[in-house]
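Open the model in a viewer and keep the selection tool ready. The stops below go from sheets to core to side-chain contacts.

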Amino acid sequence: QVQFVESGGGLVQPGGSLRLSCTSSSIINGINMAWFRQVPGKEREFIALITPSGNTNYADFVKGRFTVSRDNAKRTVDLQMNNLKLEDTAVYYCNGATYTFSWGQGTQVTVSS
């Protein structure tokens, strides 16, 4: 059973940056990976996807601000978030993009002045 541990969240002011990291308990070499986020009372939403070869795709509301990357050897998927906005406040999760594994605990990102 693949498990993911997300880290790197915190409190940041609008316009600030954070780098989130997701570590997998198993190899992810052949897996399309994605980041998602969820606000209480709302459905979890897709943010970014990265294929095993490094091709990426982003939700429109993060294009130009967020960058997803992966290190298959370390079994990690990172999310660099720049120019953060108040509406980016959420719990952030990683998971498979094509197949959904068990969800981790996520990491809280709070954007506030």
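What follows is a list of selections, with what is found at each.

This is a predicted model, in which local features need pLDDT of at least 70 and side-chain atom pairs count only at pLDDT 80 or more, while totals for chains, interfaces and linings use all residues. Residues are numbered from 1 along each chain as its sequence is written, and side-chain values use heavy atoms, with hydrogens and water left out.

**The four-stranded sheet**

Select S1, S3, S8 and S7, which form an open antiparallel sheet in that order. Strands here are DSSP runs of E, at least two residues long, numbered from the N terminus; two strands pair if DSSP finds at least two bridges between them. Strand S1 (4-7) and S7 are at the edges with a single partner strand each, so one side of each has no neighbour in the sheet. From one strand to the next, the twist averages 15 degrees, where axes are lines fitted to C-alpha atoms and angles run from 0 to 180 degrees between N-to-C directions.

Begin at the S1 edge. S1 and S3 are paired antiparallel over four bridges, and Phe-4 is found opposite Ser-24 in S3.

Go to the other edge. S7 and S8 pair in the antiparallel sense over six bridges, with Val-68 opposite Leu-79 in S8. The two strands make a hairpin with four residues between them, and in the turn Arg-75 has a positive phi of about 60 degrees.

Now show the side chains of S7. Which of them are buried? Phe-66, Val-68 and Arg-70 point to one face and are buried, while Thr-67, Ser-69 and Asp-71 point to the other and are not. Buried means under 20% relative accessible area, exposed over 50%, and partly exposed in between (1.4 Å probe, protein chains only). In a regular strand the side chains alternate between the two faces of the sheet.

**The six-stranded sheet**

Select S2, S10, S9, S4, S5 and S6. They form an open sheet in the order S2-S10-S9-S4-S5-S6, with mixed pairing. Strand S2 (10-12) and strand S6 (56-58) are the edge strands, each pairing on one side only. Neighbouring strands of this sheet are turned by 25 degrees against each other on average, direction ignored.

At the S6 edge, S5 and S6 are joined in the antiparallel sense by three bridges; Leu-49 is opposite Asn-57 in S6. At the S2 edge, pick Val-12, which lies in strand S2 and counts as buried at 11% relative accessibility. Its C-alpha atom is separated by 10 Å from that of Asn-83, 71 residues apart along the chain.

**The core and the disulfide**

Select Trp-35, Leu-79, Met-81 and Tyr-92. Of the 27 residues in the largest nonpolar core, these touch the most other members. Strands S3, S4, S5, S7, S8, S9 and S10 each supply at least two residues of this core. A nonpolar core is a set of buried Ala, Val, Leu, Ile, Met, Phe, Trp, Tyr and Cys residues joined through side-chain atoms within 4.5 Å.

Next, select Cys-22 and Cys-94. How many disulfides does the structure hold? There is one, a disulfide being a pair of cysteine sulfur atoms within 2.5 Å. It joins Cys-22 to Cys-94, with an S to S distance of 1.8 Å. The link runs between distant parts of the chain, from Cys-22 in strand S3 to Cys-94 in strand S9, 72 residues apart. With 45 degrees about the S-S bond, the link of Cys-22 and Cys-94 is right-handed. Both Cys-22 and Cys-94 are buried.

**Rings and a charge**

The count of aromatic pairs is five. Rings of Phe, Tyr and Trp (its six-membered ring) pair if their centres lie within 6.5 Å; planes under 30 degrees apart count as stacked, over 60 as edge-to-face and the rest as tilted.

Select Phe-36 and Phe-46, an edge-to-face pair at 6.2 Å centre to centre with 75 degrees between the planes. Phe-36 lies in strand S4 and Phe-46 in strand S5, so this pair ties together parts that are 10 residues apart in sequence. Phe-36 counts as buried at 13% relative accessibility, whereas Phe-46 is partly exposed at 29%.

Add Tyr-93 and Trp-103: ring pairs link them with Phe-36 and Phe-46 into a cluster. Then show Arg-44. Its charged end sits over the ring of Tyr-93, 4.4 Å from the centre, and Arg-44 also lies over the face of Trp-103, at 3.7 Å from the ring centre. For such a contact, NZ of Lys or CZ of Arg is within 6 Å of the ring centre and within 35 degrees of the ring normal.
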